[in-house]
Amino acid sequence: MKITKILFFISLVVGFNNDVDGQDPAAPIWGCYASGVGERLRPGMDPCWITYTVALMADPIVQTNLQNGLMGAVLSNATWYDATAAQRFYGQYFEDQPDGIYKLRPCRVVLPNVTGSWFSPGRGRMDLNQSGDKISGSAGAVNPGDHFGQGHRNGGSINGNVAPDGSIVLRDFWNDGTYTEEVHRLSDDGRTLSGSWTWYTDSSKTTVKASGTYTLQRN
């Protein structure tokens, strides 16, 4: 099925190239169109299966595919130059930027990596391991009285993940029976995790005990 769609897309490109000869590239008669190659075009689909084509707005093939939901306009009433610039901006082999309609994130995502030891004064230490977008680890005290340690949370285990938007989600299962969810962002230099936490009575999350923000520094 995917091969059929790819061949269909190639036939569209050939058709467009045959139709655009002699058209004024400076006239606002062009558009940039998204197409789904591996699956039907829809908002939020896998960005690696979206491709972009520059064509005349009046092209009957374009109009038919727009009506059938096989293509979607991301720029209309444009010059050929502007439509081509948009194609390069959104195309995964060029700038790979989201179009905000169908492509909501880049195809080539560089995941933040949080593997290592992280420290927060007064709270303690987290040791995290990351494999792909999955995170595991543990937490405990560094100094007597640390919040993650004995007499407070009594240490705990962690699982988590890197969300599609790049945020770091940590789920802390404390040995005192309570539970915390954290959402962080990794700094550009990779040295700081900053974000929010919500502490629950237990992992059912039926009762919130407290919430706040804090930062962790990589060792």
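Ser-35 has its bridge partner in strand E2: Thr-51. That little link belongs to a longer run of contacts, since strand E1 (residues 30-36) and E2 pair in the antiparallel sense over seven bridges. Bear in mind while you look around that this is a predicted model.

Zoom out a bit and you find an open sheet of three strands, ordered E2-E1-E3, with antiparallel pairing. Strand E2 (50-56) and strand E3 (71-78) are the edge strands, each pairing on one side only. On average, and with direction ignored, neighbouring strands of this sheet are turned by 20° against each other. As a bit of background, strands of a sheet pair through backbone hydrogen bonds, either parallel or antiparallel.

What lies across E1, E2 and E3? That would be helix H2 (residues 60-67), which runs at about 130° to E3.

Now for the charged side chains. Side chains of opposite charge can pair when their charged atoms come close. The structure has six salt bridges, and here are three of them, with distances taken from N to O.

| Acidic residue | Basic residue | N to O distance |
|---|---|---|
| Asp-96 | Lys-103 | 2.8 Å |
| Asp-127 | Arg-125 | 2.9 Å |
| Asp-176 | Arg-153 | 2.7 Å |

Take the pair of Asp-176 and Arg-153, which links distant parts of the chain, 23 residues apart. Asp-176 sits in the loop between strand E8 (168-174) and E9, while Arg-153 is in the loop between strand E6 (134-140) and strand E7 (156-162). Is each partner buried or exposed, or something in between? Asp-176 is partly exposed, with a relative accessible area of 29%, whereas Arg-153 counts as buried at 9%.

Asp-96 and Lys-103 are another story. Asp-96 is buried, at 3% relative accessible area, and Lys-103 is buried too, at 0%. This pair also has company: salt bridges with shared partners join Asp-96, Lys-103 and Arg-108 into one network.

Then there is the pair of Asp-127 and Arg-125. Asp-127 is partly exposed, with a relative accessible area of 25%, and Arg-125 is partly exposed as well, at 32%.

On to the rings. The structure holds six aromatic pairs. One of them joins Phe-173 and Tyr-179 in a tilted arrangement, 5.0 Å centre to centre with 55° between the planes. Phe-173 has 32% relative accessibility and counts as partly exposed. Tyr-179, on the other hand, is buried, at 4%.

Tyr-179 has a second ring partner. With Tyr-200, Tyr-179 forms a tilted pair, 6.1 Å centre to centre and 35° between the planes. Why does this pair tie together parts that are 21 residues apart in sequence? Because Tyr-179 lies in strand E9 (residues 179-186) and Tyr-200 in strand E10 (residues 192-200). Tyr-200 counts as buried, with a relative accessibility of 12%.

Elsewhere, Tyr-52, Phe-89 and Tyr-90 form one aromatic cluster. And finally, a charge meets a ring: Lys-209 lies over the face of Trp-199, 4.8 Å from the ring centre.

Note on methods: Residues numbered from 1 in each chain as written. Predicted model: local features only at pLDDT ≥ 70, side-chain atom pairs only at ≥ 80, totals over all residues. Heavy atoms only, no water. Phe/Tyr/Trp six-rings, centres within 6.5 Å; stacked < 30°, edge-to-face > 60°. Buried < 20%, exposed > 50% of the residue type's maximum accessible area, 1.4 Å probe, protein only. Helix = DSSP H or I, 4+ residues; strand = E, 2+ residues; numbered from the N terminus. Lys NZ or Arg CZ within 6 Å of the ring centre and 35° of its normal. Salt bridge = Lys/Arg side-chain N within 4 Å of Asp/Glu carboxyl O. Pairing = 2+ DSSP bridges. Axes fitted to C-alpha atoms, helices over the stretch in contact; angles between N-to-C directions. Contact = heavy atoms within 4.5 Å.
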